[in-house]
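Trainee: I should like to study this structure step by step. May I put a few questions to you?

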Amino acid sequence: MKTPTRTRKPRGFTLVEVLVALAIMAVLAGLAWRGLDTIVRGRDVSRERVDATLRAGTVLAQWEQDLQSLFESASVPALAIDGGSARMVRRADDGVQVVVWSLHDGRLLRWAAPVTTSVGSLQESWLRSQQLLGNESGQLLMLDGVAGWRHECFVASSNAWVNCQSDLQGPAPSSQQQQQQQQPQAAQQRSATPAGVRMDLNLAAGTLVRIAMLAPSPLP
């Protein structure tokens with residue numbers, strides 16, 4: 001006589017097992033999310049730094065182009081650099097124009113006067129460039145977050161880098177240098193134009209250095 005076999009009913013998960021599984025899945029999901037968030041943040045930071053580098057490169061290229069387009073005239077200096085601004089006269093497509101680079105409240109600005117072919121208009125633009133406050137409508141924001149900047153000018157005669165503001169003109173003439181004082185104004189301006197300009201920009205990520213060698217166009 002055969003004894004009946006007992007069939008086992010399928011056994012489900014207990015509540016404890018389900019809770020343990022959910023806890024493990026929550027931990028794994030949290031770790032995966034933190035890893036993904038780190039990757040995304042790293043990508044965003046890298047993109048911001050690349051964009052900032054490209055922006056700074058474009059700005060410095062414009063700075064160098066302005067300097068390499070200097071135009072010397074007998075009416076105004078070709079280049080004048082002080083602690084807060086760098087004013088220059090550069091060649092343009094239809095004439096010449098005054099360009100001013102200045103630093104105001106951590107912002108590197110560039111202002112360009114209208115292109116002119118008149119000596120009187122050029123002198124007016126130069127005088128106006130000395131009165132800029134940084135909030136004019138023609139001011140263009142080139143870089144933000146600039147903690148400071150510094151300029152040095154290369155004097156070919158002495159083969160040395162000097163302070164553009166105080167050392168570029170050299171010492172005052174002595175009694176043996178009276179002939180130099182009688183030189184034409186245009187010749188004095190040409191001798192004061194440096195052969196190169198170095199600009200150091202202090203940014204949060206570090207210091208950017210740009211050296212531009214100059215070749216001003218001669219007087220007509």
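Mentor: Please begin with a definition: a disulfide is a pair of cysteine sulfur atoms within 2.5 Å. Keep in mind also that this is a predicted model.

Trainee: How many disulfides does the structure hold, and which residues does a disulfide join?

Mentor: The cut-off to apply is 2.5 Å between sulfur atoms. An S to S distance of 2.0 Å meets it for one pair of cysteines. The structure holds one disulfide, and the residues joined are Cys153 and Cys164.

Trainee: Which parts does the pair of Cys153 and Cys164 tie together, and how many residues apart in sequence are they?

Mentor: Cys153 lies in strand 6, whereas Cys164 belongs to the loop between strand 7 and helix 3 (178-181). The pair therefore ties together parts whose separation in sequence is 11 residues.

Trainee: Are Cys153 and Cys164 buried or exposed?

Mentor: Buried means under 20% relative accessible area, and exposed means over 50%. By this scale, Cys153 and Cys164 are both buried.

Trainee: Which residue is the bridge partner of Cys153 in strand 7?

Mentor: Strand 6 (residues 146-155) and strand 7 run antiparallel and are joined by four bridges. Cys153 has its bridge partner in strand 7, namely Val162.

Trainee: In what order do the four strands form the open sheet, and which are the edge strands?

Mentor: The pairing in this sheet is antiparallel, and the order is 7-6-8-9. An edge strand pairs on one side only, which applies to strand 7 (160-163) and strand 9 (206-213).

Trainee: Which strands does helix 1 lie across, and at about what angle does helix 1 run to strand 9?

Mentor: Helix 1 lies across strand 6, strand 8 and strand 9. Among the buried residues of helix 1 are Leu60 and Trp63. The angle to strand 9 is about 25 degrees.

Trainee: How far apart are the end C-alpha atoms of helix 1, and what span should its residues have?

Mentor: Helix 1 (residues 15-68) has 54 residues, so at 1.5 Å a residue it should span 80 Å. This agrees with the distance between its end C-alpha atoms, which is 79 Å.

Trainee: Where does Met199 lie, and which residues of helix 1 does Met199 touch?

Mentor: Met199 lies in strand 8 (residues 196-203). Met199 is buried, because its relative accessible area is 1%, under the cut-off of 20%. Its contacts include Trp149 and Val209. From helix 1, Met199 touches Leu60 and Trp63.

Notes:
Residues numbered from 1 in each chain as written. Predicted model: local features only at pLDDT ≥ 70, side-chain atom pairs only at ≥ 80, totals over all residues. Heavy atoms only, no water. Helix = DSSP H or I, 4+ residues; strand = E, 2+ residues; numbered from the N terminus. Expected span 1.5 Å × (residues − 1). Buried < 20%, exposed > 50% of the residue type's maximum accessible area, 1.4 Å probe, protein only. Contact = heavy atoms within 4.5 Å. Pairing = 2+ DSSP bridges. Axes fitted to C-alpha atoms, helices over the stretch in contact; angles between N-to-C directions. Lists of a residue's contacts leave out its neighbours within four places in sequence.
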